[in-house]
Amino acid sequence: GLPLFLSEFGCNTNTREFNEIASLYSTQMTGVYSGGLVYEYSQEASNYGLVEIDGDNVKELTDFQTLMKKYSETPNASGDGGYNSTGGASGCPAYNSPNWLVKDDSLPAMPDGAKQYMSKGAGTGPGLSGDGSQNAGGASTGTATAGSGQATNTASSSNAASPALAPQWSVAPFACAAVTIAFTFFGATLL
């Protein structure tokens, strides 16, 4: 498996206490995460820095001391966290309703609402609300048997694909070329 880490943690909206350290390095999490990166080392305009750098001088800030304390209070994780030593893909968890509703690695059937997009294209998106948005839709009654991965052909040859858009043309390259040629001839006459 690939190492996975929590990137850029340590929000500074409130006082930074770094309480996520204990959870991130607990045995409940080390099977998922390999650790994390605190944002950020040097103090910048965002005020997330752990240290302030001035030339060759490095001054530890309060957040640095707080982070160091949290790391010292947190025991190192033990075991291998479920490391996959074969280098292959890790298997999916077993079906466990209501938390994990996947029974195997078969592809689901295509939802009825998606058929139109295969034959007519998506068109202009409605944004985050309304019909066709990420929050709309229904259950799949499908054009295929669940798990087959084989959808029924819903497109016809007359409307199977959207027409290609004609390229946008601009006169700017031609104008630049004309100016270059004109100045080349003008420069040549001066010789």
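**Briefing: arginine 16, helix salt bridges and a nonpolar patch**

In this predicted model, a polar atom of the arginine 16 side chain lies 2.9 Å from the backbone oxygen of glycine 10. The protein chain has 191 residues, of which 15% count as buried. Four helices and four strands are present, arranged along the sequence as β-α-β-β-β-α-α-α.

**Surroundings of arginine 16**

- Arginine 16 is located in the loop that joins β1 (6–9) to α1 (20–24).
- A second backbone oxygen, that of tyrosine 39, is reached by the side chain of arginine 16 at 2.5 Å.
- With a relative accessible area of 4%, arginine 16 falls under the 20% limit and is therefore buried.
- When neighbours within four places in sequence are set aside, the contacts of arginine 16 include Phe9, Cys11, Val38, Glu40, Asn47, Tyr48, Asp63 and Thr66.

**Salt bridges**

- The whole structure contains four salt bridges.
- In one of them, lysine 69 pairs with glutamate 73, with 2.7 Å between the closest N and O atoms.
- Lysine 69 and glutamate 73 are about one helical turn apart, because they are separated by four residues in helix α2 (residues 62–73).
- Glutamate 73 also meets lysine 70 in a salt bridge, at 4.0 Å from N to O; these two residues are three apart in helix α2, about one turn of the helix.
- Lys69, Lys70 and Glu73 are thus named as a linked network of salt bridges.
- Lysine 69 is partly exposed at 49% relative accessibility, and glutamate 73 is partly exposed at 46%.
- In helix α3 (residues 112–120), aspartate 112 and lysine 115 lie three residues apart, about one turn of the helix; their salt bridge has its closest N and O atoms 3.1 Å apart.
- Aspartate 112 has a relative accessible area of 35% and is partly exposed; lysine 115, at 27%, also counts as partly exposed.

**Surface and overall contacts**

- About 14900 Å² of the protein chain is exposed, and carbon and sulfur atoms supply 57% of this area.
- A nonpolar surface patch is formed by Val179, Phe183, Phe186 and Leu190, which together have about 470 Å² of accessible area.
- Phenylalanine 186, one of the patch residues, belongs to helix α4 (residues 172–190).
- Among contacts in the protein chain with a separation of 6 or more, 53% come from residues 24 or more positions apart.

Methods
Residues numbered from 1 in each chain as written. Predicted model: local features only at pLDDT ≥ 70, side-chain atom pairs only at ≥ 80, totals over all residues. Heavy atoms only, no water. Patch = residues over 30% accessible without salt bridge, like charges linked within 9 Å, V, L, I, M, F, W, Y side chains within 5 Å. Areas by Shrake-Rupley, 256 points an atom, 1.4 Å probe, with all protein chains shown as cover. Salt bridge = Lys/Arg side-chain N within 4 Å of Asp/Glu carboxyl O. Buried < 20%, exposed > 50% of the residue type's maximum accessible area, 1.4 Å probe, protein only. Polar contact = N/O pair within 3.5 Å; in protein donor to acceptor, adjacent residues only side chain to side chain. Contact = heavy atoms within 4.5 Å.
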